[in-house]
Amino acid sequence: MKVLIVGSGGREHAIAWAVAQSPRVEKIYCAPGNAGIAEYAECVNIGAMEFDALVAFAKEHDIDLTIIGMDDPLVGGVVDAFEAEGLRVFGPRKNAAIIEGSKAFSKDLMKKYNIPTAAYETFTDPKEAIAYLETAKMPIVLKADGLALGKGVLICNTLEEAKEGVKTLMLDKQFGDAGDEIVIEEFMTGREVSVLAFCDGKTIKCMTSAQDHKRAKDGDKGLNTGGMGTFSPSPFYTKEVEDFCEKHVYQPTIDAMAAEGRPFTGILFTGLMLTEDGPKVLEYNARFGDPEAQVVLPRMKNDITEVMEACIDGKLNDINLEFEDNAAVCVVLASDGYPEKYDKGFEIKGLDTFKEKEGYYVFHAGTKFHDGKIVTNGGRVLGVVAKGNDLKEARANAYKATDWIDFENKYKRNDIGKAIDEA
Ligand SMILES: Nc1ncnc2c1ncn2[C@@H]1O[C@H](COP(=O)(O)OP(=O)(O)O)[C@@H](O)[C@H]1O
Ligand SMILES: [Mg+2]
C-alpha cells in the first residue's frame, strides 16, 4: 500500500518510522516532512493546511491511507476534505476534532457526561470573567478556548495576575480568536500522565502511558515549550489508576462523542492529572503527542497501518493492541535559546551512529538539507530515544546517546525522567 503522512515534526518522523516497519507498505510520502523523515519517505512540498493540494496529491498518487499528524489541519477539517473525495484517511473529522479545538466544548462534554475534570466556568465577556475572579480562590487557571500552540494556559497565583491574564487572552488577543472565549478552572495539583488511544468511533484501545516535560529548563523552570522530553511507561500510572480511567474516562468519552453525533475516529490523547481525589482530565488532544509518540510507537508491537485501517473501518475491536514490556526515554536536543530567540542552520554531526544501534532512535523535529548536509532548522531539533529493560536503563541509554550528536548550539534538559527516582 501507499501511505501519505501529513506533518513535519518529530511525531511525524516516529509515525513514518512505524509505518516503514510494515511489510504491507510499498511507498511512503510525507507532506511536507523533514530531513529525517526523508530516510523513509519521499517528502513533498505541500503544507499541512493546503487541503486541496493534499487531496489532489493523494488522488494523483493512488494513496491508500493518509495519516494526519497535526492538530491544526484536523481542527480545520482536513479529514472531511479527504472523505468527501472518497479517500481513506486516519484522524477525527472536524466535528470530533473540536474536542481539542475548543476547551470550552471539551469541558462542557465532561460536565454533561460526568467525566472527572477540574471545576470551571466559561466566559465570552471579559467583565464577567473579572467579576468571577474577584470571588474565586487562588491560584486559578485561565485557558484560551482555541488552539494556541500550547501557550494558551495561564496559571495565576494572585487576583492581579488573573486579571492581567484575562486582558492578555481576551483584550490584547495574544492568541487571536482562540481567546474570544476562555475557561477559568480550579487549580489542581498532582502528577501528570498522557494516555494515547486508538479509536474507531465506538471502541477505544489505549496505548502504553507516557509523561512529558513541558518547561525549557531543569527542575521544570523556564518557559513552556512544545516538550523537552518524555518517558514511557509512567510508573505512576498504576493498575488502579488505569482501571479507574477505563471505567470513568476513556470509554465514557468515546460514548459521549458518539451520543453527541460526533463519533471520534483517530488518536485520542487524554492528559490526566493524578490528584488526591483521583485522576482528573486536564485536556484532550485529537492526535499523537509530540514527543509522546516518540517513546510510545517504538514500543508498539502491532503493524500501525493495520490498527489505523481497523479504526477507519470500525473494526478496532478485532485488534489485539500490544506493547513491549520495557521502557523508552526521549531527550529533546534543542537550539540554545528556545523557545525564545535562537540561531539555526548549523550542521548536525553523528546522526549515522544511530543506524547501527538496536533500540536507539533519532527522530528529527527541526532539520533540513543544506548543501548535502543536514542542518538545524528549528527550536526543537532532534528527539533522541533509547529503549531499556526498565526506565532507569532507558534513561541512561538515552542520555548516553545524546553525546553521539553534535551541533553548535545544542541544548538539552539534564533531568528528563527524574521523576522515575521518586516512583
Ligand atoms: N486545572 C489545572 N490545574 C493545574 N495545572 C493545570 C490545570 N490545567 C492545566 N494545567 C497545566 O497547564 C498545562 C497545559 O494545560 P492543557 O490544558 O494541557 O493545555 P495545552 O496543552 O493546550 O496548553 C498542563 O499540562 C498542566 O501542567
Ligand atoms: Mg496539554
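Two strands count as a pair when DSSP finds at least two bridges between them. Keep that in mind for the close-ups below, which come from a predicted model.

**Figure 1. Five strands line up in an open, parallel sheet.** Reading across, the order is E3-E2-E1-E4-E5. The edges are strand E3 (42-43) and strand E5 (89-90), each pairing on one side only. Strand E1 (residues 2-7) runs parallel to strand E2 (residues 27-32), and six bridges hold the pairing together on paper. One of the matches to look for is Gly7 with its bridge partner Pro32 in E2. Two helices pack on this sheet. Helix H2 (residues 51-60) touches E1, E2 and strand E4 (65-68), and its direction makes about 165 degrees with that of E1. Helix H11 (residues 304-312) touches E4 and E5 instead, with its direction at about 90 degrees to that of E4.

**Figure 2. Strand E4 is covered on both faces.** Leu65 and Ile67 sit on one side, Thr66 and Ile68 on the other, and all four are buried. E4 has a parallel neighbour in E1, joined to it by four bridges. E4 also pairs in the parallel sense with E5, over two bridges. Ile67 is a handy landmark here: Ile5 stands opposite it in one pairing, and Phe90 in E5 stands opposite it in the other.

**Figure 3. The largest nonpolar core takes in 79 residues.** Which of its residues touch the most other members? They are Leu4, Phe82, Phe264, Leu382 and Ile405. Helix H9 (residues 239-259) gives the most to this core, with seven residues. Zoom in on Phe264 and, leaving aside neighbours within four places in sequence, you find it in contact with Pro92, Ala96, Ile99, Cys199, Asp200, Gly201, Ile254, Met257 and Ala286. Another core, of 44 residues, lies apart from the largest one. Its members include Trp17, Ile28, Cys311 and Leu321. As background, nonpolar side chains in soluble globular proteins tend to be buried together.

**Figure 4. Helix H6 is mostly covered and borders the largest cavity.** Seven of the ten residues in H6 (residues 103-112) are buried, namely Lys103, Ala104, Phe105, Ser106, Lys107, Leu109 and Met110. Just past the helix, look for Asn114, whose phi is positive, near 55 degrees. How many cavities of 30 Å³ or more are there? The count comes to two, and the largest holds about 60 Å³ of space. Its lining is made up of Ile99, Glu100, Lys103, Ser106, Lys107, Met110, Lys143, Leu282, Glu283 and Tyr284. Helix H5 (94-101), H6 and strand E16 (278-285) each supply at least two of the lining residues. H6 gives the most, with four.

**Figure 5. Strand E18 gives the largest share of the lining of the second largest pocket.** This pocket has a volume of about 410 Å³. It is lined by 21 residues, and Glu39, Tyr40, Phe354, Lys355 and Val362 are the closest to its centre. Two elements give two or more residues to the lining: helix H1 (10-20) and strand E18 (360-364). The share from E18 is five residues. E18 is mostly covered, with five of its five residues buried. Tyr360, Val362 and His364 point one way from the strand, whereas Tyr361 and Phe363 point the other way. On the pairing side of things, E18 runs antiparallel to strand E21 (residues 380-388), over five bridges. To find the register, start from Tyr361, which stands opposite Val385 in E21.

**Figure 6. Gly229 is a buried glycine in strand E14.** Strand E14 covers residues 229-232. Why does Gly229 count as buried? Its relative accessible area is 0%, and buried means under 20%. Leaving aside neighbours within four places in sequence, Gly229 is in contact with Gln211, Asp212, His213, Pro291, Cys330, Val332 and Ile416. For a sense of scale, try Thr265: Gly229 is 36 residues away from it in sequence and 27 Å away in space, C-alpha to C-alpha.

Definitions and conventions:
Residues are numbered from 1 along each chain as its sequence is written. Chains are lettered from A and ligands numbered from 1 in the order in which they are written. This is a predicted model: local features need pLDDT of at least 70, side-chain atom pairs count only at pLDDT 80 or more; totals for chains, interfaces and linings use all residues. Side-chain values use heavy atoms; hydrogens and water are left out. Buried means under 20% relative accessible area, exposed over 50%, partly exposed in between (1.4 Å probe, protein chains only). Contact means heavy atoms within 4.5 Å. Axes are lines fitted to C-alpha atoms, for helices over the stretch in contact, and angles run from 0 to 180 degrees between N-to-C directions. A nonpolar core is a set of buried Ala, Val, Leu, Ile, Met, Phe, Trp, Tyr and Cys residues joined through side-chain atoms within 4.5 Å. On a 1 Å grid over the protein atoms alone, a cavity is a set of points where a 1.4 Å probe fits but cannot get out, and a pocket is an open set with protein on both sides within 12 Å along at least five of seven lines; lining residues have an atom within 4 Å of a point. Grid points are joined across faces, edges and corners, and a volume is the space filled by probe spheres set on the points.
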